[in-house]
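These are my notebook entries on what I looked up, written for a reader who is new to this kind of work. I give each term its cut-offs where I use it.

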Number of protein chains: 2
Amino acid sequence: MRYSKTHKAETRTKLIETARAITKKGGFSSTGVDALMSAIGMTGGAFYSHFPSKQALFQAVIEDEIRNSSEMLAGEQNASGEQLEQCLRNYLSTFHVLHPEEGCVLPALGGEIARAEPEVRGAVEKGLRQVQKAWANRLDDPDAAWAVIAQCVGALVLSRAVETERTRKEIITSTRKAIQKSYFSQEK
Amino acid sequence: MRYSKTHKAETRTKLIETARAITKKGGFSSTGVDALMSAIGMTGGAFYSHFPSKQALFQAVIEDEIRNSSEMLAGEQNASGEQLEQCLRNYLSTFHVLHPEEGCVLPALGGEIARAEPEVRGAVEKGLRQVQKAWANRLDDPDAAWAVIAQCVGALVLSRAVETERTRKEIITSTRKAIQKSYFSQEK
DNA sequence: GTCTATATCTAGATAGAC
DNA sequence: GTCTATCTAGATATAGAC
């Protein structure tokens, strides 16, 4: 055979990996198949050996994103809550605001997920529930867990939606402080 | 003249008004000019008598959205904080989650705003600052004001990104409770 | 499995008639 | 100011050569 046994799987993986970054930065619907394929050094026609449609890629991208994020955010939490605080500092950072391609999928593609197929939202729901459950244990409060997740996602959306560097920073800094005050200071 | 003096202004207003609802529901970039014009009973060609480009419409839509929302959310706040609580109940409601076309522009088009021209984000920033300032007065805490705005926007994004009605409701209810507990219960 | 070439469709935008 | 017709460009997706 002209191509190795693992070649197809490798190409598929590389495509998804690259598409994750590109579409978080530029939007999914506004990015063409040709652009995605040429980013991995191939032409548009080859795409359909890997996915039956562009929409199928969207599902694969979101599932990969969610798997990745929820493992990172829900996994390996110790009882001290220190790792959760570190998580929040990373999430609510200027770097994250300025680099959607490396960051969480929800602030970047939340709008497109809302309009996607049920399977896509099912995957998102499953991942979110994992994170919420883990954080509920750390915070000892199921409501607070959802609220903190909402704050994180919302702060990123807001911070990216404003123009000046000053306001960008103000939003994430204030949100970080407010979470600290409400959930990490005196008690617990 | 074949058309009244106010005709053009009326058409423009109707176009923006309709585009606001349609694009919050279906996304801006994924909605065509023809669809927007036929929604007000006209054909695509007439669009360019009102806007030089589709992008110019986006700016007008966002500016209108922001003007509308920030007046509603920042204006007419009395000192008791009761109106703010009513605002939050409306924002964090199942109705709002299920009807993006009538709701806040940020959860719906936040991703597209992040990729838009600086003027668009400038308008968003100005409106957000108005709301933040008003809420900071009510809450007596500038950080808390940003945090509450972030929670509201984030909760809507999350709630619309999941599949089951149960989780949708859980997210907004938990967020509402957490805000109540952190900012409206004992003190103040 | 990937390429080139292409079919098909849709989108944004323009020209000229009314 | 709005219409129809059209240009142009870009998109998704397919066919056949290698």
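I began with the term polar contact, which here is a pair of N or O atoms within 3.5 Å; within protein, one atom must be able to donate a hydrogen and the other to accept it, and residues adjacent in sequence count only if both atoms are side-chain atoms. With that in hand, I noted that a polar backbone atom of B:Val33 is 2.7 Å from a phosphate oxygen of DNA strand C.

I must keep in mind that this is a predicted model, in which local features need pLDDT of at least 70, side-chain atom pairs count only at pLDDT 80 or more, and totals for chains, interfaces and linings use all residues. Residues are numbered from 1 along each chain as its sequence is written, chains are lettered from A and ligands numbered from 1 in the order in which they are written, and side-chain values use heavy atoms, with hydrogens and water left out.

**Entry: DNA strand C**

I looked up the residues near this strand, where near means that one heavy atom of the residue lies within 4 Å of it. There are 20 residues around DNA strand C, and A:Lys8, A:Met42, A:Ser49, A:His50 and B:Val33 come nearest. Of the atoms of DNA strand C within 4 Å of the protein, 68% belong to sugar and phosphate. I found the side chain of A:His50 with an N or O atom 2.5 Å from a phosphate oxygen of the strand, and a polar side-chain atom of A:Thr11 at 3.0 Å from a phosphate oxygen.

**Entry: DNA strand D**

Around DNA strand D there are 20 residues, of which A:Val33, B:Lys8, B:Met42, B:Ser49 and B:His50 come nearest. Sugar and phosphate make up 69% of the strand D atoms that come within 4 Å of the protein. I noted phosphate oxygens of DNA strand D at 2.9 Å from a polar side-chain atom of A:Lys54, and at 2.9 Å from one of B:His7.

**Entry: A:Thr31**

Is A:Thr31 buried or exposed? I found 8% relative accessibility, so A:Thr31 counts as buried (buried is under 20% relative accessible area, exposed over 50%, partly exposed in between, with a 1.4 Å probe and protein chains only). Leaving out residues up to four places away in sequence, A:Thr31 touches A:Ile22, A:Gly26, A:Leu36 and A:Lys54, contact meaning heavy atoms within 4.5 Å. Its side chain reaches the backbone oxygen of A:Gly27 at 2.6 Å.

**Entry: chain B against chain A**

I then turned to the two chains, where 49 residues of chain B are in contact with 49 residues of chain A. Together they bury about 3,800 Å², 55% of it on carbon and sulfur atoms; buried area is the accessible area (1.4 Å probe) that two parts lose on being put together, summed over both. B:Arg115, B:Trp146 and B:Leu158 supply 15% of the area that chain B buries against chain A, more than any other three residues.

How many salt bridges does the rule find across the interface of chain B and chain A? There are six, a salt bridge being a side-chain nitrogen of Lys or Arg within 4 Å of a carboxyl oxygen of Asp or Glu. I looked at A:Glu163 and B:Arg121, which form a salt bridge whose closest N and O atoms are 2.9 Å apart. The rule also finds 23 residue pairs in polar contact across this interface, both residues at pLDDT 80 or more.
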